[in-house]
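The following paragraphs lead the reader through one protein model, moving between single residues, the elements that hold them and the chain as a whole. Please keep the sequence and the structure in view while reading.

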Amino acid sequence: MERFKRLCTSRTFILFLVIVLLFVWGISRLFHFQIVHGEEYAEKAQNQQLSDKEIEASRGTIYDSLGNVLAQSATVYNIFIDPSNINDTNRSVIVDFLSDVLGFDSEKKQELYESSERDDTKYVVVARKVEYKIRKQIADFMSDAANKSYKLRSCIGFEETTRRYYPYGSLASCVLGFTGSDNQGLEGLEAYYDEQLKGVNGRIISVNSAVSSSIMEDFETTIPAQDGNSLVLSINSSIQYVLEQELRDALEEYNAKGTYGVVMNCNTGAILAMASLPDYDCNDPRTVVYDKYLENIRKEEDSDKKAELESYYVQRQWRNFTVADTYVPGSVYKVFMAAGALEEGVATLNTTYTCTGAIQVEDYTMHCHYRPGHGFETFTQGLENSCNPFFITIGQRMGVRNYYKYFEGFGFSQRTGIDLPGEARPQYYNENQYGIVELSSASFGQTNNMSPIQICTALSAIANGGTLLKPYIVSEIKDADNKIISKTEPTALRQVISKETSEKVLQMMKSVVDNGTGKNGYVAGYNVGGKTGTSTKLGESAAGEKDKYIVSFSAIAPVDDPQVAMIILCDEPNQDLGGGAICAPIAAAVVEEAMKQLGVEPSYSDDEAKHLSVSVPSVSGKDIDSAKATLRNAGFTPKTVGNGNTVIKQSPSSGEAPRGGTVVLYTEANKEQTVSVPDFSGLTVSEVNRRAAEYNLNIIITGNDSRSSKVVAYKQSEAAGNKVGIGTVIRVTFKSTESVLD
């Protein structure tokens, strides 16, 4: 009996001990779950019970001044899988199909396979921002009757999101910039106005059951997304297109490092066009597009260096030189010197100087670009000739204090404040750093560095009567309901010169185009003022190599009622040609388009009127005699092809043709005569006219129409070798090859 009692007592003790241990273990586990890892497990529980999906806001649209869409967001889709519903039966089917339709390589396919085996999540994104056609392919595959047994709808899902599109590709890329994978702005306006454009994302929060399916809409909360604001730019796409096309032609013709341009409404500060080439496609910004860059990349054999070079070129094509870089402006700066000197009364239009080709400044001999010397000159002729010694003398008369007064007044000592990222800080001498040598050098555009946007802003002050304006590129900001929430008004910073001085400088600039180094800036029907410039890139040329240059041309048009100011630059052209030969023709083409877009009617001189093209009357369907009479009365020469009595076709059939040009009349079917367009490049005006007559073609002359032997054709509307009908009108553009590095 005693033994039995002891056995019971020991067993009771053991049982009690087990219960105590279990109790302690239970308490410790509770402590572990609720205290040590309480927040972690509470979060996991909440994540299982709550579904929180983000609704992406649509990024605002960017428009040009004409209402054209330059950047917009469109609906695309993220594709995701739920690994918890994928099993050994359907895994291969899902992985094979998605890999095929999404274009995965073997490595990406293996990643997808491994993702489908995960047991720690119900949501894995396998592709982002795919187009609707791919989403439809996947949806059709999921709903196909043959695949229903795989229960694909519980395995694959779609989420709506947005993607940024740029309908015009590279147009205004240096202005627009681009966005990253998360729709954040990375360059240009996309970065500068990112907060305005991106909007605020929304959310859908819903309660899930134990099997992670939604349980009643009563337990769902939606916070709607707030779409981003839209921007309306001052950019005019038509002017922008012409500027870019002309710059691109020069970039390739002169194998240049870069070509750049800014066009500004001189009365408001609004930027009408801005370009920095080489540029890029905003839809594909990481692809190098400039042939010169691509050739250099191909030549590099070392793979690491090749990758470095490609990265450098990608970064460079993103850079907007007109805003983010500075350069020495060269002789373009002489217009600001002229303005300051006239305003201060240290020179008048009657001031004269005799240029001998050089001037001594202390121990330095400073040369004119024309070493023999220009001889006797008036102030206007000094600007026409871009005479360095003349402007050194003017600068010395002004003195440091007055020089610096106008240097600051025209805005060269500070950033302009344009609404674009990365504006460069100007590099210049402070007033107390100038001696006679520094002042003399600065007086003809050397010594100080400034950005093209600064030059263009200062030119606008010359043009508009002397008021310095703040430049801008966004004219309006609109909300998602298209209501204007912000409108940019012209901002006058200060009066730099008087209206009288402005008018005098404009007439001096007109003389530069009419008689001086800027003849290629001529545009029939409009009085254009301009100034050429050359910036020597000191210290950038290797020993024994020729100097590297940036050549430029500034323009204001029309000088009798200024509407636009512009600066055109070519960086390191492969020929020793100045801004007059390379940049002035670009400015002329842009001026012509800008005047058309702004509704400024041409006013032709009597001599210009003689060479104007006229409208071709339509005579198709008329009898041959009356058709010929109509054409002769309109100033054309008729040419008949065929033996019929009625005109069934004419060439040119409509549009403009040169006065006195030939109109071909066909009186029988299938008698059309064609010719191969000759190459007019390098021919003078008279040579082009003779060649065109030989081929029975009509020629409209544009650009510098001087009959000088130095003025030659460099562009034609129909490419050489193209087959065209006789009588076709071809527009041939001429420029002077005479040029100075001033």
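Ala634 is partly exposed in this predicted model, with a relative accessible area of 28%. That value places Ala634 in the intermediate class because it lies between the 20% below which a residue is called buried and the 50% above which it is called exposed. Ala634 belongs to the loop that connects α22 (624-633) with β23 (637-641). Once neighbours within four places in sequence are set aside, Ala634 is in contact with Val614 and Pro617. A further spatial relation links Ala634 to Gly660: the two residues are 26 apart along the chain, and their C-alpha atoms are separated by 8.7 Å.

Another partly exposed loop residue is Asn696, with a relative accessible area of 33%. Asn696 sits in the loop between α23 (685-694) and β28 (698-703). Its backbone deserves attention, since phi of Asn696 is near 55°, a positive value in a residue other than glycine. Asn482 also has a positive phi, of about 70°, although it is not a glycine. The loop that holds Asn482 runs between β16 (474-478) and β17 (484-487). As background to these angles, most residues other than glycine have a negative phi, and most peptide bonds are trans.

The second half of that background bears on two proline positions. Leu277 and Pro278 are joined by a cis peptide bond, with omega of about 5°. Pro278 lies in the loop between β10 (271-277) and α10 (291-299). The bond from Ala557 to Pro558 is cis as well, and omega there is near -25°. Pro558 is placed in the loop between β20 (549-557) and β21 (564-571).

From the loops, the reader may turn to a helix and its surroundings. How many of the 11 residues of helix α13 are buried? In α13, which covers residues 334-344, 9 of the 11 are buried, and the helix is mostly covered. The buried residues are Lys334, Val335, Phe336, Met337, Ala338, Ala339, Gly340, Ala341 and Leu342. An α-helix has 3.6 residues a turn, so residues three or four places apart point the same way. The cover over the buried residues of α13 includes five helices and a strand: α14 (379-385), α15 (388-409), α16, α17 (452-463), α18 (499-515) and β19 (529-536). After α13 comes Gly345, whose phi is positive, near 80°.

Two of the covering helices can be examined through single residues. In α18, the residue to inspect is Thr501. Thr501 is buried because its relative accessible area, 5%, falls under the 20% limit. Not counting residues up to four places away in sequence, Thr501 touches Ala339, Leu342 and Glu343. Of these, Ala339 and Leu342 are among the buried residues of α13. With Glu343, Thr501 also forms a side-chain to side-chain polar contact of 2.6 Å.

In α16 (residues 436-443), the residue to inspect is Ser440. Is Ser440 buried or exposed? Ser440 is buried, with a relative accessible area of 0%. Beyond its neighbours within four places in sequence, Ser440 is in contact with Val361, Met366, Ile392 and Gln396. The side chain of Gln396 makes a polar contact of 3.0 Å with the side chain of Ser440.

These local views can now be set within the whole chain. The protein contains 23 helices and 31 strands. Its radius of gyration is 36 Å, well over the 27 Å that the globule rule gives for 742 residues, so the protein is more spread out than a compact globule. Along the principal axes, the C-alpha trace spans about 145 × 85 × 55 Å. Buried residues account for 48% of the 742 residues. Of the contacts between residues at least 6 apart in sequence, 71% join residues at least 24 apart.

The surface and the charges complete the description. The accessible surface amounts to about 35700 Å², and 47% of this area belongs to carbon and sulfur atoms. There are 72 positive and 94 negative side chains in the protein. The centres of the two sets of charges lie 2 Å apart.

Notes. Residues are numbered from 1 along each chain as its sequence is written. Side-chain values use heavy atoms; hydrogens and water are left out. Helices (H or I, at least four residues) and strands (E, at least two) are DSSP runs, numbered from the N terminus. The radius of gyration is taken over C-alpha atoms; the globule rule is 2.2 Å times the number of residues to the power 0.38. Buried means under 20% relative accessible area, exposed over 50%, partly exposed in between (1.4 Å probe, protein chains only). Contact means heavy atoms within 4.5 Å. Accessible areas come from the Shrake-Rupley method with a 1.4 Å probe; for residues, only the protein chains shown count as cover. Lys and Arg count as positive and Asp and Glu as negative; His and the chain ends are not counted. The place of a charge is taken as NZ of Lys, CZ of Arg, CG of Asp or CD of Glu. A polar contact is a pair of N or O atoms within 3.5 Å; within protein, one must be able to donate a hydrogen and the other to accept it, and residues adjacent in sequence count only if both atoms are side-chain atoms.
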